Each structure stands twice: as structure tokens, then as C-alpha cells.
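The exercises below concern aromatic rings and their surroundings. Work through each task before reading its solution.

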Amino acid sequence: MPSPYSRLILVFFVLCLSTSCQSSNSNNDEYNAEIYSMDTIISLRVWGDNGNVSIQDCENFIYSIEDRFSTTRENSTIYRLNRSDDWISVSQEMADVLSFAITMTHQTQGAFNPSIYPLVTAWGFTLDQHIVPDSDTIDSLLPLIDIEAVHLDSEKNQVRLEENVQLDLGAIAKGYTADRVADLLRSNGHSSALISLGGNIYAVGKKVDGSLWNIGIKNPYGGGTVCSVYIEDKAVVTSGGYQRYFIEEGETYWHIIDPRTGYPAKAGLASVSIVSDSAMYGDVLSTALFVMGLEEATEYWRTHQDFEAILICDEGDVFITSGLLEQFAMVSTYTTGELKVIYP
Ligand code: ADP
Ligand code: MG
């Protein structure tokens with residue numbers, strides 16, 4: 001006769017066996033892909049059943065976004081808007097992204113401004129044929145960088161740009177895409193995925209081993225990383241002067257432009273990373289805070305506090321907002337500057 005204890009042990013073993021069967025049945029394999037789109041390398045890593053099908057869905061979605069948001073593709077919505085001063089019908093998606101971009105232009109007091117395109121072109125970043133425009137050219141273009149000249153009718157989903165005003169969604173489109181790709185993967189049943197579009201990273205859930213994602217922040221002065229942030233279901237978006245730039249007569253000019261001066265933003269920061277729930281929000285803010293510089297960016301964070309930030313200064317000091325303290329580690333080999341914490 002088995003004792004009650006041995007019966008209990010038996011039940012325990014049967015339970016263990018059934019849970020381990022479940023986990024060995026569930027698919028923890030990684031599926032991944034790397035593609036080139038939206039002017040950057042995009043990497044997708046997905047865990048769970050039918051990961052290959054989901055990756056294909058994501059790729060198709062990303063290519064379709066490029067078709068709609070590109071400034072240089074002849075049939076894109078942005079291309080058409082930029083060559084007309086009439087009302088043009090746009091999709092609900094485009095109206096939503098533009099509406100958010102306009103709101104954020106006001107909220108960042110124009111540090112982020114999607115009507116920047118005439119300046120981006122003048123500096124030759126559109127076709128990677130870089131030139132330093134003369135100051136008369138810049139002065140003549142500054143009045144066109146005007147969000148009030150971008151009209152959005154949210155009832156009719158129509159947009160009208162005043163004469164010669166042109167849009168560039170380069171500082172928001174990749175973040176928007178990362179959010180949507182994350183939604184798509186979740187709705188396909190994936191609880192673990194890592195999406196990286198250039199400097200726009202979105203981590204779905206946790207890693208399959210149950211630990212947090214460890215996202216390295218690149219060293220803007222060379223190889224390797226400066227620090228790590230540990231996240232789940234969050235975006236980490238970085239903007240920096242080291243990503244796209246050219247050097248002329250010893251001077252470095254990069255692709256993030258201060259809409260208020262017309263020149264590449266040199267506000268003392270080498271890179272800005274934003275940790276936020278939405279990659280679109282992070283994308284806008286990483287560009288905006290880079291333009292603002294440390295002091296204005298610190299004030300901006302203190303006012304809003306619905307994101308965290310890592311600001312790496314030209315001299316190498318690393319400023320982090322206090323909300324990151326529990327989920328952050330410096331890399332021991334980084335000795336260019338010190339870690340400093342920004343408190344509310
Ligand atoms: P990346 O595209 O390298 O991730 P950003 O998100 O900072 O970097 O976006 C920079 C791009 O956005 C530029 O290539 C340009 O097209 C556009 N841009 C440059 N300066 C601004 C600005 N101040 N506001 C909005 N868009 C900008
Ligand atoms: Mg950006």
C-alpha cells in the first residue's frame with residue numbers, strides 16, 4: 001500500500017512532467033532577418049511559433065511604410081505633398097502621424113520640426129551629396145521651416161503645405177514603424193521579440209529565459225558601448241551626430257539640424273537616448289533633446305517625466321534621468337567621462 005506521502009510525491013512528479021512537456025512543446029526557437037529599408041539596416045528577432053511567417057509580415061509592412069513615407073520615392077504620400085500646395089487626401093495613418101508630429105513640434109518649441117526638409121536638402125543629406133550652403137541660402141530657407149504652414153484637416157484627412165514648404169518624417173517614421181511592428185508581432189502571438197531600425201530599438205516582452213533585455217548604448221566616440229539599459233515592453237531610441245555626417249575643411253556637419261538656426265545642431269551633446277513606452281515618442285524626443293542641449297533637455301524632462309533619457313556630452317560625461325537608476329549599468333571600460341544623475 002502506498003503511503004499518502006508517496007502518493008503526493010507521485011502527483012508532484014506527474015505535475016512536473018506535464019509542465020516540462022508543455023514547455024518543450026512550446027516553440028522557443030529564434031527566427032531572425034536583416035533587411036535594408038528606410039535608409040538603414042533593420043534587424044528583426046522573433047521567438048515563438050510561426051516566427052518566420054511573422055517576420056515576412058513585418059518585412060512587407062516595413063517596405064509599405066517606406067513607400068508611403070519616403071521623401072524621394074515618386075509615388076509616396078510625402079513626395080506628392082512636397083510638390084503641391086493644394087489639399088491632398090492622406091490615409092488615416094498618415095494623418096495620425098502628422099498630427100502627432102505637429103503636436104510635438106509645439107511641445108518641443110520647434111526643436112523637432114518635420115517641415116525641416118528644405119534645409120535637409122540644402123545640406124545635401126537627401127541624396128548624400130553633401131555641401132555647406134552659404135548663409136544667404138540658409139537665411140532664405142528659414143522662413144519655410146514653419147509648422148503653421150502645414151495644414152491638417154483631421155476631419156477629412158487632408159493635408160495642405162503652403163508654397164515651397166516641405167515635410168521630412170525622417171525623425172519620426174522609424175519610431176512609428178517600430179511601434180507598429182511590435183503591435184503586429186504581439187497580435188501574431190509573440191511574447192518575445194527584439195526590433196531594431198537603425199537607432200530605434202523596441203523590445204517586446206522579456207527574453208525567452210525570463211530575463212530583461214539588455215540594450216547597449218553605443219559609444220559615440222568609437223566602438224563598443226557606454227552603458228546598458230535593462231527593459232521589457234519599451235523602446236530605446238538614440239540620435240547622435242556620429243550616425244550620418246560629413247567633414248569639410250576640418251568641420252563636422254551632421255544630419256540633425258537646428259530648425260531655429262538652419263545649421264547642424266551643436267548643443268554640446270554627442271548622443272541622446274530615450275527610453276519610453278512608444279518608439280515614435282522616443283524618436284521625436286531623441287532628435288529634439290539633441291537639438292536642445294543638456295540644460296534645455298533637463299528642463300524638458302523635469303516638466304514632462306513620461307520618458308527617461310541618457311545624454312552623452314561632447315566631453316564624454318553621461319547624464320541619466322533618475323528613473324533609470326534601477327535598470328542601468330555603466331560599462332567598466334568606459335573612462336571618457338563620469339556618470340551623473342538628473343533628479344526631478
Ligand atoms: P536617424 O534618422 O539617424 O535615426 P533622427 O531620428 O534624429 O536620426 O532623425 C534625423 C533625420 O530627421 C534627418 O536625417 C532629417 O531627415 C530629419 N531631421 C533633421 N533635423 C530635424 C529636426 N530638428 N526635426 C525634425 N526632423 C529633423
Ligand atoms: Mg528621431
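**Exercise 1.** Is Phe307 buried or exposed?

Solution. The model is predicted. Phe307 has a relative accessibility of 2%. The limit for buried is under 20%, so Phe307 counts as buried.

**Exercise 2.** Classify the ring pair of Tyr281 and Phe307, and place both residues in the chain.

Solution. Step 1: the ring centres lie 6.2 Å apart, and the planes stand at 85 degrees. Step 2: an angle over 60 degrees counts as edge-to-face, so the pair of Tyr281 and Phe307 is edge-to-face. Step 3: Tyr281 belongs to helix 8 (residues 279-292), while Phe307 is in the loop between helix 9 (294-304) and strand 14 (308-313); the pair therefore ties together parts 26 residues apart in sequence. Step 4: Tyr281 is buried, at a relative accessible area of 11%.

**Exercise 3.** How many aromatic pairs are there, and how are the rings of Trp123 and Tyr253 arranged?

Solution. Step 1: with centres within 6.5 Å as the criterion, the count is 10 aromatic pairs. Step 2: the centres of Trp123 and Tyr253 are 5.4 Å apart and their planes are at 35 degrees, so this pair is tilted. Step 3: Trp123 sits in the loop between helix 5 (117-122) and helix 6 (135-141), and Tyr253 in strand 12 (residues 251-254), so the pair ties together parts 130 residues apart in sequence. Step 4: Trp123 is buried at 0% relative accessible area, and Tyr253 is buried at 15%.

**Exercise 4.** Which residues do ring pairs link into a cluster with Trp123?

Solution. Ring pairs join Trp123 with Phe125, Phe246, Tyr253 and Tyr263 in a cluster.

Technical notes
Residues are numbered from 1 along each chain as its sequence is written. Chains are lettered from A and ligands numbered from 1 in the order in which they are written. This is a predicted model: local features need pLDDT of at least 70, side-chain atom pairs count only at pLDDT 80 or more; totals for chains, interfaces and linings use all residues. Side-chain values use heavy atoms; hydrogens and water are left out. Rings of Phe, Tyr and Trp (its six-membered ring) pair if their centres lie within 6.5 Å; planes under 30 degrees apart count as stacked, over 60 as edge-to-face and the rest as tilted. Helices (H or I, at least four residues) and strands (E, at least two) are DSSP runs, numbered from the N terminus. Buried means under 20% relative accessible area, exposed over 50%, partly exposed in between (1.4 Å probe, protein chains only).
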